[in-house]
Amino acid sequence: MTEFRGAWDEDDVEAFLQEATIPIRLATHRPDGSLWPVALWYRYRDGALECATGANAAVVRFLRREPAVGFDISTNDVPYRGIRGTGTAEIAPDEDKAVLRSLIERYLGDTDSPLATRLLDDDREEVRVRIEPREIYSWDYSKRMGREAGEKTA
């Protein structure tokens, strides 16, 4: 069960995660114990964060060895807001690249681009990274920083 703390309740966190199309910054452990950060596209589904990546990516090897992760999903523009937390990652095949296809549509709008074509290539093996959050801490500096007309928030 996820513990929610900070500026937002669970519904606010879910709304942010559904609307924000910014990558998740994921931190995992390398075999020597040092941290390895990586940015991945994500979707929020059924209380978990789901990503897709190549089956031979270093982060996949690291997560298979040590599934504990830290993560951050936050805006890059004023007013700053977002979430950070910890959890456990599970790796599984991305059957028919369903998660990847969903992420491409979420971040690129459709699958009609050279990048989408390359990612969806039949020769590319994908895995799903499912992160079960243990704790989520949210912050929102909108009131403190104010909002100006036309300012990006996600």
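## A tour from strand E2 to helix H3

Begin by selecting His-29, which stands opposite Leu-35 in strand E3; keep in mind throughout that the model on your screen is predicted.

Now widen the selection to strand E2, residues 24-29, and strand E3, residues 35-40, which pair in the antiparallel sense over six bridges. Between the strands of this hairpin there are five residues, and in the hairpin you can pick out Gly-33, which takes a positive phi near 95°.

Next, add strand E6, residues 68-74, which also pairs with E2 in the antiparallel sense, here over three bridges. For a place to centre the view, select Arg-25, which stands opposite Asp-72 in E6.

With E2 still selected, show its side chains: which of them are buried, and which are not? Ile-24, Leu-26 and Thr-28 point to one face and are buried, whereas Arg-25, Ala-27 and His-29 point to the other face and are not buried. In a regular strand, side chains alternate in this way between the two faces of the sheet.

Then move to helix H3, residues 98-108, and select its buried residues, which are Val-99, Leu-100, Leu-103, Ile-104 and Tyr-107. These residues lie on the same side of H3, because they cover an arc of only 135° around the axis. An α-helix has 3.6 residues a turn, so residues three or four places apart point the same way.

To see what covers the buried residues of H3, display the elements that include strand E4 (43-45), strand E5 (48-54), helix H4 (114-119) and strand E8 (126-140). Finish at Gly-109, just after H3, which takes a positive phi of about 95°.

Methods:
Residues numbered from 1 in each chain as written. Predicted model: local features only at pLDDT ≥ 70, side-chain atom pairs only at ≥ 80, totals over all residues. Heavy atoms only, no water. Buried < 20%, exposed > 50% of the residue type's maximum accessible area, 1.4 Å probe, protein only. Helix = DSSP H or I, 4+ residues; strand = E, 2+ residues; numbered from the N terminus. Arc of directions from axis to C-beta. Contact = heavy atoms within 4.5 Å. Pairing = 2+ DSSP bridges.
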